[in-house]
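Hi,

Here is the structure I promised to pass on. Have a look at it first, then read on for what turned up.

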Amino acid sequence: MDEIKQKIETANAETVRRINEADPVLVDIAPAGEVIPGLHDRMVLHSGPPVDWQRMSGAQRGSMLGTALFEGWAKDAGEANDLFASGAIRFEPNHTHQAVGPMAGTISASMPVWIVENKAFGNRAFCRQVEPSQQFGNYRDDALQGLRLWRDLWAPALKAALGRMGGLPLKPIIAKALQMGDELHNRPVAASSLFANAMACPLIEANVPKDRLLATLRYITNHELIFLALAMAAAKASADPATGVEYSTVVTAMARNGTDFGIRVSGLGEEWFTAPAPRAEGLYFPGYTKEDGGADMGDSAITETVGWGGFVLAGATGILALVGGTPEEAMSYSRDMRRITVTASPNYRMPILGFQGAPVGIDIRKVVQTGIVPVIDTAIAHREPGHSIIGAGIVRAPLDCFKKALLAFSRKYQPNRT
């Protein structure tokens with residue numbers, strides 16, 4: 001028993017070392033089909049664990065339909081539905097392809113994606129843009145217009161600026177934003193402002209035509225959630241090198257698709273351990289109620305996986321106006337997350353708690369032993385396809401995911417005890 005415990009502790013220390021030493025840098029923006037491994041034409045990536053068309057949640061199906069219409073694979077939603085149902089359009093999880101996506105998370109070949117490289121380990125991760133409509137399941141033409149503007153206007157201008165500046169280190173922005181009241185998931189307001197400031201001069205120096213320059217500046221300076229995609233890609237790039245450490249009980253991914261909530265564990269590779277996706281408790285926009293809300297969805301819990309989001313809510317109480325709750329509850333969330341993690345970050349700190357580091361390294365053993373599950377702040381999508389964002393709130397990961405993972409861990413590393 002002591003021998004395996006020591007192996008686990010050593011493995012977990014190595015896993016969190018890799019996460020903490022990550023150096024995410026935004027290096028480019030490019031069409032997903034050109035850069036994401038294994039993404040082919042007539043294929044859509046989605047958030048969460050694998051799911052088939054029959055079990056797929058309403059919001060994710062709506063987003064998939066919108067993607068097919070955006071790509072021109074179908075003339076209307078009915079035709080798009082038939083293509084997905086028949087298998088004519090393939091779909092797979094983002095995490096299978098080094099990618100993440102907010103909410104429904106849909107990514108197709110012609111969508112430009114942010115490209116973040118972890119300079120410490122040489123791996124890359126990808127994320128689509130963040131917007132309030134198509135990624136929530138709205139497939140109307142006006143919802144798709146935001147994707148077209150991203151593809152044809154904003155992404156090319158930002159790509160030119162990134163080329164001019166040779167990439168943008170994200171670690172300093174994340175560290176500073178956490179000390180300015182962000183939590184990098186539902187509230188990346190400071191980080192988005194810092195990003196816009198960093199991009200303004202390079203946009204001008206890249207000789208972007210005036211009309212495109214002004215349109216892009218308006219976009220990045222008025223998009224308070226623009227940095228969420230960068231935080232997600234940075235977190236994915238930070239977590240991926242921590243995958244596959246033998247004997248490690250540290251979680252390397254948490255993701256939801258509106259049907260299932262799944263986790264991956266370092267010492268168990270790329271296997272998903274799932275349970276039914278929970279529903280968020282939060283605040284709804286006027287005209288919507290709890291009965292309208294679908295189950296939780298999105299790859300954005302990768303931010304909590306590396307210690308941001310709900311794990312640092314103590315320092316981001318301004319978000320409570322969006323998700324509900326009290327400052328006291330926010331403080332307790334961050335303190336509780338310390339009880340289920342391996343260590344504290346040396347890079348990302350919370351001034352409100354005496355500059356303690358963010359909790360890093362969710363340990364499935366501690367989750368099961370304490371019954372404390374990760375807390376995630378999230379947006380809320382409608383239970384039916386065809387709607388934009390309807391609210392935001394707080395959700396807890398289901399304990400069953402961690403119990404299943406711990407049982408699988410015991411079978412693999414302590415077969416004589418199972």
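Helix α14 (residues 399-413) lies across three strands, β8, β9 (260-265) and β10, and runs at about 155 degrees to β10. Keep in mind that this is a predicted model.

Those three strands belong to an open sheet of 4, in the order β10-β9-β8-β12, with antiparallel pairing. β10 (273-276) and β12 (297-298) each have a single partner strand, so they stand at the edges and one side of each has no neighbour in the sheet. If you'd like to see how β12 is attached, look at β8 (residues 251-257): 2 bridges join β8 to β12. Asn 257 stands opposite Met 297 in β12.

Now for the empty spaces. The largest pocket has a volume of about 440 Å³. It is lined by 23 residues, and the closest to its centre are Val 130, Asn 186, Leu 225, Leu 322 and Ile 389. The lining is made up of 15 nonpolar, 5 polar and 3 charged residues.

There are also 2 cavities of 30 Å³ or more. The largest cavity comes to about 90 Å³, and its lining includes Ile 19, Asn 20, Lys 171 and Trp 308. Two elements, α1 (2-20) and β13 (341-350), give two or more residues to that lining, and β13 has the largest share, with 3 residues.

The second largest cavity holds about 70 Å³ of space. Among the residues that line it are Arg 279, Tyr 284, Asp 296 and Ile 380. By class, its lining has 6 nonpolar, 2 polar and 3 charged residues.

Cheers

Conventions
Residues numbered from 1 in each chain as written. Predicted model: local features only at pLDDT ≥ 70, side-chain atom pairs only at ≥ 80, totals over all residues. Heavy atoms only, no water. Pairing = 2+ DSSP bridges. Contact = heavy atoms within 4.5 Å. Axes fitted to C-alpha atoms, helices over the stretch in contact; angles between N-to-C directions. 1 Å grid on protein atoms, 1.4 Å probe; cavity = no way out; pocket = protein on both sides within 12 Å on 5 of 7 lines; lining within 4 Å. Points joined across faces, edges and corners; volume = space filled by probe spheres on them. Nonpolar A, V, L, I, M, F, W, Y, C, P; charged D, E, K, R; others polar.
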